[in-house]
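Visitor: I should like to learn how the features of a model such as this one are read. May we take them one at a time?

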Amino acid sequence: MISAVIFDLDGVIVSTDNYHYQAWKKIADEENIYFDEEVNNRLRGVSRSDSLEIILERSERKYTEFEKTRLTEAKNTYYIKLLESLTAEAILPNVKEVLIKLKTNKIKIAIGSSSKNAKLILKQIGLIDLFDAISDGNDIKRSKPHPEVFLIAAKRLGIEPTKCAVIEDASAGIEAAKKARMYAIGIGAAKNSKLCDLSVDNIAEIIEIVKK
Ligand code: BG6
Ligand code: MG
């Protein structure tokens, strides 16, 4: 029996995964480092600093810690600039209806996101008050695939991890959900992740699954 659903944010609730891509692409181009959608898919769910390490794998030179800090700060500045134009229109299809339906069915809902910008985004798209709990990049020491962000969400909800389902577009997030002993649902880029308990094409499919 599923009592709660923990949602990833970027790429599941809202299309900000595209903004992350654009901001990193700008950094990679400035540094003359190869970057494409395939590299970008590996950044899904992982922290800002871990994302930079993945991008720098393609670099021909080593970066100092000082340079790395400068690059993560520059990326976040570009990202925040892109967020200025974010509105409720960026909420992905069927998401709002699903959240409301889950609540009507007495299923708790939470956010489990690696992003330190999660609350800013939720406020901007007008969904912040809908969630029973929020666990984000500011709460954790280790980002996905570590399960910490989901375990904190479950704790804040007061629900056993084994009674939680997670919906994720990141392979790292699916891995984190399984490490937390939760039911892992993959969508988008995480659909083919081997660890998924289930994959969906449309988020609306989760209603029937959690009602079982
Ligand atoms: C995740 C994204 O939600 O948040 C990652 O999928 C991102 O791509 C991570 O790196 C951290 O985000 P932020 O907003 O703290 O830089
Ligand atoms: Mg995501």
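Visitor: Is Arg181 buried or exposed?

Guide: Relative accessible area decides the class: buried means under 20%, exposed over 50%, and partly exposed in between, with a 1.4 Å probe and protein chains only. Arg181 is exposed, its relative accessible area being 59%. Arg181 lies in the loop between H8 and E5, and has a positive phi of about 65° although it is not a glycine. As for the basis of these values, this is a predicted model in which local features need pLDDT of at least 70 and side-chain atom pairs count only at pLDDT 80 or more, while totals for chains, interfaces and linings use all residues. Residues are numbered from 1 along each chain as its sequence is written, chains are lettered from A and ligands numbered from 1 in the order in which they are written, and side-chain values use heavy atoms, with hydrogens and water left out.

Visitor: Which residue in the loop between H1 and H2 has a positive phi although it is not a glycine?

Guide: Helices (H or I, at least four residues) and strands (E, at least two) are DSSP runs, numbered from the N terminus. The residue in the loop between H1 and H2 is Asn32, with a positive phi of about 60°. Asn32 counts as exposed at 72% relative accessibility.

Visitor: Where is the cis peptide bond?

Guide: The cis bond joins Lys144 and Pro145, with omega about 15°. Pro145 belongs to the loop between E3 and H7.

Visitor: How are the strands of the sheet ordered?

Guide: Strands of a sheet pair through backbone hydrogen bonds, either parallel or antiparallel. Two strands are taken to pair if DSSP finds at least two bridges between them. Here six strands make an open sheet in the order E3-E2-E1-E4-E5-E6, with parallel pairing. Its edge strands are E3 and E6 (198-199), each pairing on one side only. Between E1 and E2 there are four bridges in the parallel sense, and Ile6 has Ala110 in E2 as its bridge partner.

Visitor: Which helix packs on the sheet, touching E1, E2, E3 and E4?

Guide: Contact means heavy atoms within 4.5 Å. Axes are lines fitted to C-alpha atoms, for helices over the stretch in contact, and angles run from 0 to 180 degrees between N-to-C directions. The helix is H7, whose direction makes about 160° with that of E3. H7 (residues 148-157) is mostly covered, seven of its 10 residues being buried; among them are Val149, Phe150, Ile152 and Leu157. These buried residues of H7 pack against E1, E2, E3, E4 and H8. Just after H7, Gly158 takes a positive phi of about 75°. H8, for its part, lies across E4 and E5 (183-186) and runs at about 165° to E5.

Visitor: What are the protein donors of the magnesium ion?

Guide: Donors are N, O and S atoms within 2.8 Å of the metal (3.2 Å for Na, K and Ca); water is not among the atoms, so sites may look incomplete. For the magnesium ion (ligand 2) they are Asp8 (OD), Asp10 (O) and Asp169 (OD), at 2.0 to 2.2 Å. Asp10 is in the loop between E1 (4-7) and H1 (17-30) and Asp169 in the loop between E4 (164-168) and H8 (171-179), so the pair ties together parts that are 159 residues apart in sequence. Asp10 counts as buried at 12% relative accessibility, and Asp169 counts as buried at 2%.

Visitor: With which residues is Asp17 in contact, leaving aside its neighbours within four places in sequence?

Guide: Asp17 is in contact with Asp10, Gly11, Arg44 and Asp169. Asp17 has its place in helix H1 and counts as buried at 15% relative accessibility.

Visitor: What is the volume of the largest pocket, and which residues are closest to its centre?

Guide: Rolling a probe the size of a water molecule over the atoms shows where empty space is left. On a 1 Å grid over the protein atoms alone, a pocket is an open set of points where a 1.4 Å probe fits, with protein on both sides within 12 Å along at least five of seven lines; lining residues have an atom within 4 Å of a point. Grid points are joined across faces, edges and corners, and a volume is the space filled by probe spheres set on the points. The largest pocket has a volume of about 530 Å³. Of its 29 lining residues, Val46, Ser47, Arg48, Ser114 and Ser115 are the closest to the centre. The elements giving two or more residues to this lining are H1, H2, H3 (48-56) and H4 (65-83).
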